[in-house]
There are 4 protein chains.
Amino acid sequence: MNSTGTLFRVTIFGESHGPVVGVNIDGCPAGIPLKEEDFLDDLKRRQPGAAGTTPRIEKDYPDIVTGCYNGKTTGAPVTVIFENQNTKSKDYDHLRKQPRPGHADWVAMQKFGGHNDHRGGGHFSGRLTLGLVAAGVIAKKIAEPININARLVEAGGQTDIDSAIDRAVKEDESIGGIVECRASPMPVGIGEPFFDSLESRIAHLVFAIPATKGVEFGSGFSASKMTGSEHNDNILSIDGKTETNHAGGINGGISNGNDLVFRVAVKPTSSTGKTQNTLNLETGKVQELTIGGRHDKCIALRVPVVVESITAIAIADLLLQAQQRGRVKKN
Amino acid sequence: MNSTGTLFRVTIFGESHGPVVGVNIDGCPAGIPLKEEDFLDDLKRRQPGAAGTTPRIEKDYPDIVTGCYNGKTTGAPVTVIFENQNTKSKDYDHLRKQPRPGHADWVAMQKFGGHNDHRGGGHFSGRLTLGLVAAGVIAKKIAEPININARLVEAGGQTDIDSAIDRAVKEDESIGGIVECRASPMPVGIGEPFFDSLESRIAHLVFAIPATKGVEFGSGFSASKMTGSEHNDNILSIDGKTETNHAGGINGGISNGNDLVFRVAVKPTSSTGKTQNTLNLETGKVQELTIGGRHDKCIALRVPVVVESITAIAIADLLLQAQQRGRVKKN
Amino acid sequence: MNSTGTLFRVTIFGESHGPVVGVNIDGCPAGIPLKEEDFLDDLKRRQPGAAGTTPRIEKDYPDIVTGCYNGKTTGAPVTVIFENQNTKSKDYDHLRKQPRPGHADWVAMQKFGGHNDHRGGGHFSGRLTLGLVAAGVIAKKIAEPININARLVEAGGQTDIDSAIDRAVKEDESIGGIVECRASPMPVGIGEPFFDSLESRIAHLVFAIPATKGVEFGSGFSASKMTGSEHNDNILSIDGKTETNHAGGINGGISNGNDLVFRVAVKPTSSTGKTQNTLNLETGKVQELTIGGRHDKCIALRVPVVVESITAIAIADLLLQAQQRGRVKKN
Amino acid sequence: MNSTGTLFRVTIFGESHGPVVGVNIDGCPAGIPLKEEDFLDDLKRRQPGAAGTTPRIEKDYPDIVTGCYNGKTTGAPVTVIFENQNTKSKDYDHLRKQPRPGHADWVAMQKFGGHNDHRGGGHFSGRLTLGLVAAGVIAKKIAEPININARLVEAGGQTDIDSAIDRAVKEDESIGGIVECRASPMPVGIGEPFFDSLESRIAHLVFAIPATKGVEFGSGFSASKMTGSEHNDNILSIDGKTETNHAGGINGGISNGNDLVFRVAVKPTSSTGKTQNTLNLETGKVQELTIGGRHDKCIALRVPVVVESITAIAIADLLLQAQQRGRVKKN
């Protein structure tokens, strides 16, 4: 389904080349100051335009059509809509004939019996993350004073990210990257045992972001190579602060008051300038495919704000639950 | 919450040292052959007993108390209960005074205002995974003929796992590991765009397993270092089979008919033989803590069957949904 | 929350005097023919215009902004939006000062700390049922060939409904009524034991319709005065057809193949021409209140199509579930 | 599904003649005093034994097997189990041959392909309400200081209930009744607009109780015969108290601080002493059926405590949500 959350419930909808994409946020508390300008900074961070990103620029202006009155949320569902403007009317029928490797073209066609809107990826388009970013802006207000910050820490295997992008542009190749997210100060007690663990919720949403391939918390995959006495975080003070933070701020699925830290692996953009050899459904033969147009060289550049947003969404929802269920202690 | 799933809904309950742990499975189709013996193989794989695992052995006999009649599921909720037997009556009050690093002792106390059952980790105990394994056994029947197989591929950073365990036992240290899971043959069309993507659902459940720190699908974190033309899986035949499988069998959140492949990072068991320096809440000082008793040296040894189980749970639930919503094509 | 349903999930949003009201339908199967004209008949039945209904007429044109392509549903969420046009810019501040009896003015102000959009009832407005009717149109297609039909069978306590309306118009008073809904031919097996019983789901949605005060299935409240041998429906044939239908087509929460029959009590429109004595929050005194403008004399006239719609929504959702879980036998 | 609720989530399970029936309550706040004796009063009210009720008496002792420690809830799921003891081993196969009119025998067989446990009604048995009553006991503690009280106000169409029962016993017939429920003092703000309206939630759960045929709030079906000025409840004081209470304490789906009042229609027990004429599936003919054993003459006698319980469940869940979402003002 296209909804997530228990008390702060986010539903995204739309297609890349349909009239709109948007988001509905149900369960948003009343009285939160909210105006369209509040969305612009984060939306801008999601936009293409930098080196390594696609030149397809849309205005992406958020239209709050429900749930706000006099500059504040009303307690009714908030709906934010983005008109799709820069949708070139070019022929997308080739996607039906020769589905692009790495994209959802083929599975969408199979799953929905060919009824899916395939233009520009349709409902599978990265444009749907506009709704995630919009919901994230509201979620960040609920999560205050927690500061959530994600950034690209590696691209194409390099920590010198600019140089990696330059190379990709030069070679007309796409590259991936690693996004690291930190949230601080974290209250103690966010997350529930097992299925609503803080990791479960964040990981769930991380994989709702197109192009993600992995997620790790704290020491993550490195933890598998450590010993228990290396890995354990000794508690130093009464507020739960630990000597190290291999746990990434979570024990038993619940925030422990230390910084929340996790990393997300982003694959290289599936659309690359290189010619590929893949099946042509019409001819039944493997044939060359060259993807025209200009695409993101490194979609990972645009992912950090989306990772921040989904983190805020997870935290806002669990925070509302935690205040209810058990105790949340502010640090 | 302690429930997961939409149509195949799993609820786990119980505490390590309470009367029982168990699981309730709602939405299980009627007419599935099911008897208590069906659970034993998987339960045995979850049990301690091998080198590197704790000698605390419980009978772990599954008692099907509802939802079965004449050896078949009835369509009513199935409840399976495990009595806790080998619960030593020793004093656990020290956990209140000096919470164990790496465990949920401290956060549980904070979150639940000290009302949590702390004995042996209480509701946070790994014993709760008994319910996951039991639910997995039923889920595997629904997922047939998909074969789901998970195994430990690395322990303590080594692929020679026996030698890693030997060393850990010798040094009285705990170690972590990496579990790889594969499912095959996968139908096309399992998973929904965005929040019910196959990765989202599996990742969600992976982090419901205690001690997991990361998950990656297909090429995973390595993908972040690849180029688009290296990473893309060219489609070779009409049934969607690809040349490579960097995607791990998933595009756009939906199974593409190739093998599902993912890896899970498991941290070293938090209980280690080494003395640790951590806060004593009574004295307010950082003091030595030695964890007595005998514990798993490498909990990762017992994780594969749990990973298999949660994979089956995710697949069964999405399979039921997919059959409903769109098309599922059997390979 | 403003969502309902498990597999066919309906979310309504908007305010009476905001830019739009609308609906999002997630889980809609792909390939259902759907165009804007399909909504018009049912929307027209919901519209005011007849004697006894308010002259506030809006175009109510349904704008399908997502989830459709080439005249068919795509499997992605369908969003239908209605622009609010005929919203008089008059001052609604008096609703803050002297909340109207029978309306949600006062509770909304209390619940949402005064942040609610109070203009024309805001999110509590009957205009929100536009979304229910739109969702119902799609649900009816899924429920085919079940024919769902609701009609007003009593108004102001009379079965001669025209005469009751005439009297109400003459006396400038509002009146209530009773709506009866029938669905046929019903498959056997819709509904789940207990919390997803067919009655539970329908009753749940009946009370999402403003102005409803009661619901009864089959013999309903009369059943409480009958004996068991009068009330029981003897089964006559192998397809479950019964001699009588006091059960209203449901046993144990599950459709039994006989006609589904239920009745809904609708209260008189809260806005009446008569002067009322109610608290003025500003003065703290009970004072006269005359509600200006022209309002529905008998809102019950517009309710049947909404009752049909929510019935279709309940049936569609349970039908999708039933096909999955157990057996549905078409009659 | 067999679960209900968002934050206070209740799952019931079991069969009449299986080993147990029970309930799992997830989302129960930590620190609520709870011991097995707390359940006994309400369980006793549900028990048979009075004139007009069946002599099948079970011990119905509640076994709290999870979620409690040291006499308080821990924040983990609470599971309460009841062993089935007085299950006569008589042959129930006749229910397969000649399904009882008014019971779920026939639909259960159809829906679950004959795999249902039919003994004593199986999962459809009224014994499942034991779990509702147990959950209600906990919910009442959460809802404090709201006092919820339900009682039988009419039986067999008479307000002199004893005489109605006497007549039924004498005539060996079953009769129905009407249960009225009141809750007071109600806080303002419980319930959400539309799908989580207080009426929606209560009505949903009312129809999870076997034998219910109708529900009406406040003036209910009578409202359909009143005029607006008769029906409207004028507000008299700043805390929302109204002159009349035709609304039953709810406006716009939200509690308005006046007493919550609703009525439930209960049909006559389906098992009656009279001989019935109904289909024999084996012979394919309509034949006489005499239901042996001794049954409740008036199941409505046992329903009030169940109505109280589900009301408490609905209120507890919405109360937890309301405290989160908007404002709840204690009266």
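This dialogue considers how the chains of a predicted model meet and how several local features are read.

Visitor: How should one begin to read the relation between two copies of a chain?

Guide: Two copies of a chain are related by a rotation about an axis and a shift along it. In this predicted model, chain B is superposed on chain A by a rotation of 180° with 0.0 Å of shift along the axis, at an RMSD of 0.0 Å. That is the relation of a two-fold axis.

Visitor: Which residue of chain B comes closest to the rotation axis?

Guide: The residue is B:His204, whose C-alpha lies at 2.5 Å from the axis. The same surface serves both copies, since 100% of the contact residues of chain B recur in chain A.

Visitor: How many residues of chain B are in contact with chain A?

Guide: The size of an interface is often given as the accessible area lost when the parts come together. Here the description is by residues: 89 residues of chain B are in contact with 89 residues of chain A. On the side of chain B that touches chain A, 34 residues are nonpolar, 41 are polar and 14 are charged.

Visitor: In which sense do strand 10 of chain A and strand 10 of chain B pair, parallel or antiparallel?

Guide: The two strands, each comprising residues 212-217 of its chain, pair in the antiparallel sense over 3 bridges. As an example of the register, A:Glu216 has B:Gly214 as its bridge partner in strand 10 of chain B.

Visitor: What does the contact between chain D and chain A take from each chain?

Guide: This contact takes 12 residues from chain D and 11 residues from chain A. The side of chain D that touches chain A has 4 nonpolar, 7 polar and 1 charged residues. A rotation of 180° with 0.0 Å of shift along its axis superposes chain D on chain A, with an RMSD of 0.0 Å. Of the interface residues of chain D, 92% are also interface residues in chain A, so the copies meet through the same surface.

Visitor: How is the setting of a helix judged, for instance helix 6 of chain C?

Guide: One asks how many of its residues are buried, and a residue is buried if 20 or more other C-beta atoms lie within 10 Å of its own. In helix 6 of chain C (residues 198-206), 9 of the 9 residues are buried, so the helix is largely enclosed by the rest of the structure. Among them are C:Leu198, C:Arg201, C:His204 and C:Val206.

Visitor: Where are residues other than glycine with a positive phi placed, and are they buried or exposed?

Guide: B:Asn70 has phi near 55° and lies in the loop between strand 5 (68-69) and strand 6 (72-73) of chain B. B:Asn70 is exposed, with 8 other C-beta atoms within 10 Å. C:Asp60 has phi near 50°, and its place is in the loop between helix 1 (40-46) and strand 4 (63-66) of chain C. C:Asp60 is buried, with 21 other C-beta atoms within 10 Å.

Visitor: Which residues of chain D are joined by a cis peptide bond?

Guide: The angle to read is omega. The bond from D:Glu144 to D:Pro145 is cis, with omega near 5°, and D:Pro145 lies in the loop between helix 4 (129-143) and strand 8 (147-155) of chain D. A cis peptide bond also joins D:Ser184 and D:Pro185, with omega about -5°. D:Pro185 is found in the loop between strand 9 (177-184) and helix 6 (198-206) of chain D.

Notes: Residues are numbered from 1 along each chain as its sequence is written. Chains are lettered from A and ligands numbered from 1 in the order in which they are written. This is a predicted model: local features need pLDDT of at least 70, side-chain atom pairs count only at pLDDT 80 or more; totals for chains, interfaces and linings use all residues. Two residues are in contact if their C-beta atoms, placed from the backbone, lie within 7 Å. Ala, Val, Leu, Ile, Met, Phe, Trp, Tyr, Cys and Pro count as nonpolar, Asp, Glu, Lys and Arg as charged, and the others, Gly among them, as polar. Two strands pair if DSSP finds at least two bridges between them. Helices (H or I, at least four residues) and strands (E, at least two) are DSSP runs, numbered from the N terminus. Copies are superposed by least squares on the C-alpha atoms of residues with pLDDT of at least 70 in both. A residue is buried if 20 or more other C-beta atoms lie within 10 Å of its own, exposed if 12 or fewer, and partly exposed in between; C-beta atoms are placed from the backbone.
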